[in-house]
Amino acid sequence: MSDTDEQDGFVINEKDIHAILMDSAGHDAIVIRDILNKSRELKGLSLKDVAALAAISDPELLGELFAAARYVKESIYGRRLVLFAPLYISNLCKNECTYCAFRARNTTVKRRALTMEEIAREGMVLIGQGHKRVLLVAGESYPSEGFSYVLRAIETLYSLKSKNGEIRRINVNIAPLTLDEFKELKGTNIGTYQLFQETYHRETYHAVHVGGKKKDYGWRLTAMDRAMEAGIDDVGIGVLFGLFDWRFEMLAIMQHIRYLEEKFGVGPHTISVPRLEPAVGSDIAAQPPHPVDDLDFRKIVAIMRLAVPYTGIIMSTRSRQLFLTLLYLLRRTANFGCIHIFCLLILFLKSYSLYGNHKAHM
Ligand code: SF4
């Protein structure tokens, strides 16, 4: 057993999650309303509270759940909505994630790592569109210069100036790093370091990550420990919904958050909630084993809003465009309860766009 295997047992306790879920069904309306009232105090919820809300199916209580989420969102963020643009600098990858078109053995995808000149051109396009925040994304493999490729890309983007402005914040979504690499990354003045566990359920994790470094669940799970030890205290976590039961994943996210809060005194800055979508050369992406429909998706976002009120929730336009547009439009009406979007990851299909084929984050 490796050090990280041993450590990951302290972060995610599957036995506890299953026990809480077993106990969560059938709460009466009084209990649910007590939880919703508690959530309005903006102090967050326990794992048991989250499980109880996840079990709601009564339409009246669902309406009250969405109304509470709206209250919390408006109380803390008002009408604030933050947009940022993904910039894929490379789709080179050594891993075999069965849900992703970038996986190493998928020969149907053309591989590409942008040159610094191309990255600068992409950056200028985004600045021209008014963007000041970028999410830099790369697969888990770099051109011959190695990890310095990422550092140079960040430096290149921050150096861009135009009459339209500049990029002020570069969030980074790249594979787990060593402690020393995280220290180098910290030195580049990034915004948020994002890394999604994809699924916290170990058996599922091993079934869908069949090759490359990403097979190592513990190495990935403990990446945020190394990032924070390196001084990066602005981190984002997430799950790829559809791989395993969303109720389990929500409780696991809560366990991860509590672990980071206890160890470092601060939890993640953001939680991302992508859903599995079709990807070239992936059967599992075409037919998710645990599909999340739009109602459950709304429940996930609403419950997370109540459970961790001060953590940003990132939604991607990779999710069904229409549904997101609807969410956004309805957000503006007075009687819609689901007002809890903090960030919206916006997609720009560009000349070198690698976006459409990547179905998870590093
Ligand atoms: S999800 Fe990320 S690590 Fe996995 S194959 Fe795709 S690009 Fe590579």
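Me: Which helix does Ala51 lie in?
Reply: This is a predicted model: local features need pLDDT (the predictor's confidence in each residue, from 0 to 100) of at least 70, side-chain atom pairs count only at pLDDT 80 or more, and totals for chains, interfaces and linings use all residues. Residues are numbered from 1 along each chain as its sequence is written. Helices are DSSP runs of H or I with at least four residues, strands are runs of E with at least two, and both are numbered from the N terminus. Ala51 falls in residues 47-54, which is helix α4.

Me: Is Ala51 buried or exposed?
Reply: Let's count neighbours. A residue is buried if 20 or more other C-beta atoms (placed from the backbone) lie within 10 Å of its own, exposed if 12 or fewer, and partly exposed in between. Ala51 has 25 other C-beta atoms within 10 Å, so Ala51 is buried.

Me: How far apart are the C-alpha atoms of Ala51 and Ile20?
Reply: Ala51 touches Ile20, Leu21, Ser24, Arg247 and Leu251, leaving aside residues up to four places away in sequence; being in contact takes C-beta atoms, placed from the backbone, within 7 Å. Ile20 is 31 residues from Ala51 along the chain, and their C-alpha atoms are separated by 6.9 Å.

Me: And Thr188, how many other C-beta atoms are within 10 Å of that one?
Reply: Thr188 is in the loop between α8 (179-186) and β5 (193-194). Beyond four places in sequence, Thr188 touches Leu151, Ile154 and Glu155. Thr188 comes out as partly exposed, because the number of other C-beta atoms within 10 Å is 16.

Me: Why do the buried residues of α5 sit on the same side of the helix?
Reply: Helix α5 covers residues 59-77, and its buried residues are Leu65, Phe66, Ala68, Ala69, Val72 and Lys73. The arc to look at is that of the directions from the helix axis to the C-beta atoms. Those buried residues share a side of α5 because their arc around the axis is only 155°.

Me: Which elements do the buried residues of α5 pack against?
Reply: First, the face turned away from the buried side carries the exposed residues Pro59, Glu60, Gly63 and Ser75. The buried residues of α5 pack against α3 (29-39), α4 and α14 (294-307).

Me: How far apart are the end C-alpha atoms of helix α6?
Reply: The expected span of a helix is 1.5 Å times one less than its number of residues. Helix α6 (residues 116-128) has 13 residues, so it should span 18 Å. The model agrees, with the end C-alpha atoms apart by 18 Å.

Me: Which elements do the buried residues of α6 pack against?
Reply: In α6, Ile119, Glu122, Gly123, Leu126 and Ile127 are buried. They fall within an arc of 140° seen down the axis, so they line one face of the helix. On the other side, Glu117 and Gly128 are exposed. The buried residues pack against β1, β3 and α7.

Me: Which residue of β3 is the bridge partner of Ala85?
Reply: Strands count as paired if DSSP finds at least two bridges between them. Strand β1 (residues 82-90) and β3 run parallel, joined by five bridges. Five of the six residues of β3 (residues 133-138) are buried, so the strand is largely enclosed by the rest of the structure. In β3, the partner of Ala85 is Val134.

Me: Which helix does the chain pass through from β3 to β4?
Reply: β3 also runs parallel to strand β4 (residues 169-173), with five bridges between them, and Leu135 has Asn171 as its bridge partner in β4. The β-α-β crossover from β3 to β4 is right-handed, meaning that with the strands pointing away from the viewer, the path from the first strand over the helix to the second runs clockwise. That path goes by way of residues 148-158, helix α7.

Me: Which residue in β9 does Ser272 stand opposite?
Reply: Strand β8 (residues 270-272) pairs with β9 in the parallel sense over three bridges. Strand β9 (residues 312-316) is mostly covered, with four of its five residues buried. Opposite Ser272 in β9 stands Ile314.

Me: Over which residues does pLDDT stay under 50?
Reply: The protein averages a pLDDT of 88, and 85% of the residues score at least 70. Where pLDDT is low, the predicted coordinates should not be read in detail. The stretch with pLDDT under 50, for which the model has 71 contacts beyond four places in sequence, is residues 332-356.

Methods
Contact = placed C-beta atoms within 7 Å.
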